[in-house]
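Please consider the model shown below together with its sequence. The report that accompanies it takes up one residue and two sheets.

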Amino acid sequence: MKAVHFGAGNIGRGFVGQLLHESGYEVVFADVADDLIDQLRAADSYTVHEIGAGGRSHVVTDFRAVNSRTEEGALIEEIATADVVTTAVGPRVLPFVAPVIARGIQRRIESGEDVVEGERLAVFACENAINATDGLQALVRAGLPEALADALDATAVFANTAIDRIVPAQDPGAGLDVTLEPFFEWVIDRTPFGGEPPEITGVHWVDDLAPFIERKLFTVNTAHATAAYHGFRQGVHSITDAMTDAWIRGEVEAAIGETRALLVAKFGLDEGEQRAYGEKILGRLSNPELPDTVERVGRGPLRKLSRAERFIGPASQLAERGMPHDALVRAVEAALAFDVPEDAESVELQAILRREEPDGAVTVITGIEPAHPLFGDLLPLFRARSGA
């Protein structure tokens, strides 16, 4: 069996790649980073180190690497003959990898071989975004010649997924090895497969993915980003230091308390189980063996402040239901103050705040229109930043 994985970074190697390897797949990493591809080609193994209670080491072998920038033809052939394609490139990069996936599927269609049930290419976008695979599927379909678009469903199956694993900044001298926490969760929607889904070690297959996606995004990612932005604003360097600060920890607890209320109301989740899940997340973020900086975790604030993401997504739904969302609004306020010249999105965020009138900036950055019940809570924050 063969899996093509886009994105040979820490999540790609240390999470998705490791589990695919343990499932018996030969893993073909595709990436645009020349040095990383060279390292993978020169190595016959790398090690994934789990740090913390219950952690152990995993040696990953049986992998190859393709430079998706300079070796497109080879990558197309790999996709055409693969069993699984996965991505961990970031939601905003999916439009750039979709065309080559489409060409690989086109090559697969045009090969003339009959594709029977159970032999379709399985495609999973393992991104921190709601229904990222649906978006990837639409991009792939658009990239196929019109005459072949109808053959896509018979050739490939796309399933949404939710992933959860904290991978901190790595030691610069670690090479290909990856250090991360022992806890992980990889949940995939079973329903697109009809029959039996592919066997992947560690995957939890479900018939309704929506609660798992939002539970993860609105608990883990909301908590992580809340600690980062409040920590940055308070002059704290690391996430673990932020979580030991009583006020910041209180803000994190308050934010995920609000998202817990939404998840319970929206999906009927058990309140006690969701509270215990939140406590587990607080413990994971506080793990002193997984140091991470607030600047790294806070990078990409424009995406994190967007309409369906970790702050505005739950806050908007809570506002629509007339439920409290003050802590999430305070986290947004802290995120607007994230000013890190080394981060391109931070630079653009501050430029928008300077360039746009406050009411326009609210909609440009968050996607919230003036008629929405959350708009009035956000506008004073943007007015304050415009005069900063």
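The sections below describe the basis of the model, then a buried arginine, and then the two sheets with their helices.

## Basis of the description

This is a predicted model, in which local features need pLDDT of at least 70 and side-chain atom pairs count only at pLDDT 80 or more, whereas totals for chains, interfaces and linings use all residues. Residues are numbered from 1 along each chain as its sequence is written, and side-chain values use heavy atoms, with hydrogens and water left out.

## Surroundings of Arg-13

Arg-13 belongs to helix H1, which covers residues 10–22; helices (H or I, at least four residues) and strands (E, at least two) are DSSP runs, numbered from the N terminus. Arg-13 is buried and yet has no salt bridge, the nearest side chain of opposite charge being that of Asp-31, 7.1 Å away. Here buried means under 20% relative accessible area, with exposed over 50% and partly exposed in between (1.4 Å probe, protein chains only), and a salt bridge is a side-chain nitrogen of Lys or Arg within 4 Å of a carboxyl oxygen of Asp or Glu. For charge, Lys and Arg count as positive and Asp and Glu as negative, while His and the chain ends are not counted.

A polar atom of the Arg-13 side chain lies 2.7 Å from the backbone oxygen of Ala-8. When neighbours within four places in sequence are left aside, the residues in contact with Arg-13 (heavy atoms within 4.5 Å) include Phe-29, Leu-36, Tyr-46 and Asp-177.

## The sheet of 6 strands

An open sheet of 6 strands follows the order S5-S2-S1-S6-S7-S8 with parallel pairing, where two strands pair if DSSP finds at least two bridges between them. Its edge strands, each pairing on one side only, are S5 (63–67) and S8 (156–158). Strand S2 (residues 26–31) pairs with S5 in the parallel sense over 5 bridges, and Val-28 stands opposite Arg-64 in S5.

Helix H2 (residues 34–42) lies across S2 and S5 and runs at about 150° to S5; axes are lines fitted to C-alpha atoms, for helices over the stretch in contact, and angles run from 0 to 180 degrees between N-to-C directions.

## The sheet of 3 strands

A further open sheet, of 3 strands, has the order S9-S11-S12 and mixed pairing. Strand S11 (residues 185–189) and S12 pair in the parallel sense over 4 bridges, with Val-187 standing opposite His-204 in S12. Helix H7 (residues 210–233) lies across S9, S11 and S12, running at about 30° to S9.

Terms used
Polar contact = N/O pair within 3.5 Å; in protein donor to acceptor, adjacent residues only side chain to side chain.
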